[in-house]
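Below are my notes on the model you sent, set out as numbered points. They start with the strand pairing and then move to helices, loops and cysteines.

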Amino acid sequence: MRPESRKQMVIKLLWISIWFAYLAAPAEDVLGDHHGRLADVLGAVGLAAFVGAYLALVFRHTSRALERSGVLAWLGVLLSLALVLSLTLGPDWLVLFVFVGISCGAVLPAKLARVAIPLVTGVLVAVGAGMPGSVGALMGALLIPALLGGFAMVGVRQMALTTRALREARATVAHLAANEERLRLARDLHDLLGHSLSLITLKSELAGRMLPDKPEQAAQQVADIERVSRQALVDVREAVSGFRRPTLEAELAGARTALAAAGIAVDLPRSPDHPDLPPDEEGALAWALREAVTNVVRHSGARRCEVTLTESGDELCLTVTDNGRGPGGSPGNGLTGLAERLALADGRLETGQAPRGGFLLRAHVPLSRPVTEAGTGDGGGAAGVRARPAGA
């Protein structure tokens, strides 16, 4: 894996240095009185060049991905140095082929490494077989480490790649979660502020028309504006904290106030409580009611609005209709966000032309009830099966 700090760099270097124990034999051969002075100097230079090329390959490949040609070139340098030093200085230098095999496992793709490691081991056997007295030591001390070390590095490399992929996947999941939270906050703020600001605007216009002839009524409108503003501030804080879950009772009361302030006659259900309606589904219906009433006040030009709650099978349906201008153009951000909210509660949204003109909005959410009651509702089928009428 790519070192991400100086500490990781040191740990990686120490881990790689474990393999340097195999260099004891060529180092002793250079320092001992086995060759002439020139051979010892050239051997020391060759050993230093081999170690430098090995470290450069491993660290450059992990710090930045090298091209396939670059990796093969560095491996060719290591293999060439191992061949030249082994053939000129003797069997003690055959250990360099172990490092070549380990390098193949560390930097090559798994398929290519499975071919390169046996080839390097074969070269080791071929070179060692021609040196007197080296076959026994070769098989016991070098052949097995070259194979096992190389294939062990293949496993380590695959584990490192998997770990990196998991980190990237974790980062992606965190990014998606942050985006989802931003979308939730955007939906909440749109629904909260759209309704509250519309009501504040209407009451401000009423207060302006009442002044100076009706100061007491204008003062009442200003007091309502202050109340709505304070509630909007509380709602925004709760939305940011993620704790707000509106209720149908509160939204019906708010709808009555907003529609009355806009001069729109309204017909609302008397009792919104339903024992089989879970809290999340009730919250989705409450958001639907708030968005629908906001649209009626701001865009419909209607003089009358009707809100109904009806049960059909295992669903509860909120219907909001008006006698205004009706649907026009593509759905806005509010209806799009509302459809997403209902989908999260296993519900759905339907919009279109009302039977008597104007706009129609239907929000469906599932009810939670015992399985034995599933067949008793209107349109219910077999026990435990939820009815999802297309146009309830």
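1. A term first: two strands count as paired if DSSP finds at least two bridges between them. This is a predicted model. By that criterion E1 and strand E2 (residues 304-312) are paired, since 3 bridges join them, and the two strands run parallel. Within this pair, Val-266 stands opposite Cys-305 in E2.

2. On the whole chain: there are 11 helices and 5 strands. Of the 392 residues, 42% are buried. Among contacts with a separation of 6 or more, 69% are between residues 24 or more positions apart. The chain exposes about 20800 Å², and carbon and sulfur atoms supply 61% of that area.

3. In what order do the strands of the sheet come? The order is E1-E2-E3-E5-E4, in an open sheet of 5 strands with mixed pairing. Strand E1 (265-267) and E4 each have a single partner strand and stand at the edges, so one side of each lacks a neighbour in the sheet. Neighbouring strands of this sheet are turned against each other by 15° on average, direction ignored.

4. E2 also pairs with strand E3 (residues 315-322), through 8 bridges and in the antiparallel sense. Thr-310 stands opposite Cys-317 in E3. The hairpin of E2 and E3 has 2 residues between the strands, and Gly-313 takes a positive phi near 65° there.

5. The other hairpin to look at is that of strand E4 (residues 348-353) and strand E5 (residues 359-366), which are antiparallel and share 6 bridges. Glu-350 has Arg-362 of E5 as its bridge partner. Here 5 residues lie between the strands, and Gly-357 takes a positive phi near 90°.

6. Helix H11 (residues 333-344) lies across E4 and E5, and runs at about 20° to E5. The loop between H11 and E4 contains Asp-346. Please check the backbone at this position: phi of Asp-346 is near 60°, a positive value in a residue other than glycine. Most residues other than glycine have a negative phi. Is Asp-346 buried or exposed? Neither term applies, because its relative accessibility is 47% and Asp-346 therefore counts as partly exposed.

7. Helix H10 (residues 279-300) has 22 residues and reaches 30 Å from its first C-alpha to its last, close to the 32 Å expected at 1.5 Å a residue. How many of its residues are buried? The count is 18 of 22, and H10 is mostly covered. Gly-301, just after H10, takes a positive phi of about 70°.

8. Helix H9 (residues 248-261) can be read in the same way. With 14 residues, H9 reaches 20 Å from its first C-alpha to its last, close to the 20 Å expected at 1.5 Å a residue. The buried residues in H9 include Leu-248, Glu-251, Leu-252 and Ala-255. Ala-258, Leu-259 and Ala-261 of H9 are buried as well. Just after this helix, Gly-263 takes a positive phi of about 75°.

9. On the cysteines: how many disulfides does the structure hold? The number is 0. Cys-104 has 4% relative accessibility and so counts as buried, the cut-off for that class being under 20%. Cys-317, the E3 residue opposite Thr-310, counts as buried because its relative accessibility is 1%.

10. A last point concerns a pair of positions far apart in sequence. Ala-186 belongs to helix H7 (residues 135-210). Its relative accessibility is 43%, so Ala-186 counts as partly exposed. Ala-186 and Asn-333 are 147 residues apart along the chain, yet their C-alpha atoms are separated by 9.8 Å.

Methods: Residues are numbered from 1 along each chain as its sequence is written. This is a predicted model: local features need pLDDT of at least 70, side-chain atom pairs count only at pLDDT 80 or more; totals for chains, interfaces and linings use all residues. Side-chain values use heavy atoms; hydrogens and water are left out. Helices (H or I, at least four residues) and strands (E, at least two) are DSSP runs, numbered from the N terminus. The expected span of a helix is 1.5 Å times one less than its number of residues. Buried means under 20% relative accessible area, exposed over 50%, partly exposed in between (1.4 Å probe, protein chains only). Contact means heavy atoms within 4.5 Å. Accessible areas come from the Shrake-Rupley method with a 1.4 Å probe; for residues, only the protein chains shown count as cover. A disulfide is a pair of cysteine sulfur atoms within 2.5 Å. Axes are lines fitted to C-alpha atoms, for helices over the stretch in contact, and angles run from 0 to 180 degrees between N-to-C directions.
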